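Student: I would like a close look at a single part of this chain, followed outward to whatever surrounds it. Please keep the answer connected.

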Amino acid sequence: MSVTDTRLEAPTGVRAHTVGRAEDVPPGEGRAFVAGGVQVAVFRLRDGSLHATQAACPHAGGPLADGQTDPDVLVCPLHLYGFRWTDGSSTAGVPPVTRYPVREVDGLLVVET
Ligand code: FES
C-alpha cells in the first residue's frame, strides 16, 4: 500500500506517503514498502524508534528489510555489512545507504521521499 496523503506536511519538494499501519513493523524487525514509487525498508528498533532506508542494499542489492538491527547499525543479510543509522555510512567501506524520514501519524507509518 502506498498512498500520498496531501494532509501530511512535508518540506517543499518532499512527498509524504502513508505506507502501512504502525503495527505492520513489530519491534526489532523491518518490512519493505513502496513509498511514492520508491522501494523502502522501514525498521522499528527495540527502543521503539523508527528508521527507513532504501530497500536494496547499496553493496549488491540484498534485502535490507530482512537485516538484523541494533541501536547503532543495520546489518545486511546478504554479506553482513553494516550501515549506521546516524548517517547511512557503511562500517565496511561500501557506498552508504540512503535514509528517509519516517514517522508514525495516527497509527500509520509515513515515509518522506
Ligand atoms: S548485498 Fe548487502 S552487504 Fe552485500
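Student: How many bridges join strand S2 to strand S11, and do the two run parallel or antiparallel?

Tutor: This is a predicted model. In it, strand S2, residues 16-21, and strand S11, residues 108-112, are joined by 5 bridges and run antiparallel. Within this pairing, histidine 17 stands opposite valine 111 of S11. Strands of a sheet pair through backbone hydrogen bonds, in either a parallel or an antiparallel sense.

S11 also pairs with strand S10, which covers residues 102-105; here the sense is antiparallel and there are 4 bridges. Valine 111 appears again in this pairing, as the bridge partner of valine 102. Valine 111 of S11 thus stands opposite histidine 17 and is also the bridge partner of valine 102. S10 and S11 form a hairpin with 2 residues between the strands, and aspartate 106 in that hairpin takes a positive phi near 50°.

Leucine 109 gives a view of the surroundings. Leaving aside neighbours within four places in sequence, leucine 109 is in contact with Thr18, Val19, Gly20, Arg21, Ala22, Asp24, Val25, Val42, Val102 and Glu104.

From there the description leads to the nonpolar core. The largest such core has 23 residues, and Leu109 and Val111 are among those with the most contacts inside it, together with Val40, Ala41, Val42 and Leu64. At least two residues of this core are supplied by each of S2, strand S3 (29-35), strand S4 (38-44) and S11. The largest share, 4 residues, comes from S4. As a general matter, nonpolar side chains in soluble globular proteins tend to be buried together.

Elsewhere in the chain there is an open sheet of 3 strands, in the order S6-S7-S8 with antiparallel pairing. Its edge strands are S6 (68-69) and S8 (82-84), each of which pairs on one side only. S6 is joined to strand S7, residues 73-75, by 2 bridges, and the two run antiparallel. Glutamine 68 has valine 75 of S7 as its bridge partner.

As for the chain as a whole, its secondary structure comes to 0 helices and 11 strands. Of its 113 residues, 27% are buried. Among contacts with a separation of 6 or more, 39% are between residues 24 or more positions apart.

How values were computed: Residues numbered from 1 in each chain as written. Predicted model: local features only at pLDDT ≥ 70, side-chain atom pairs only at ≥ 80, totals over all residues. Pairing = 2+ DSSP bridges. Buried ≥ 20, exposed ≤ 12 C-beta atoms within 10 Å, placed from the backbone. Contact = placed C-beta atoms within 7 Å. Core = buried A, V, L, I, M, F, W, Y, C linked by C-beta atoms within 7 Å.
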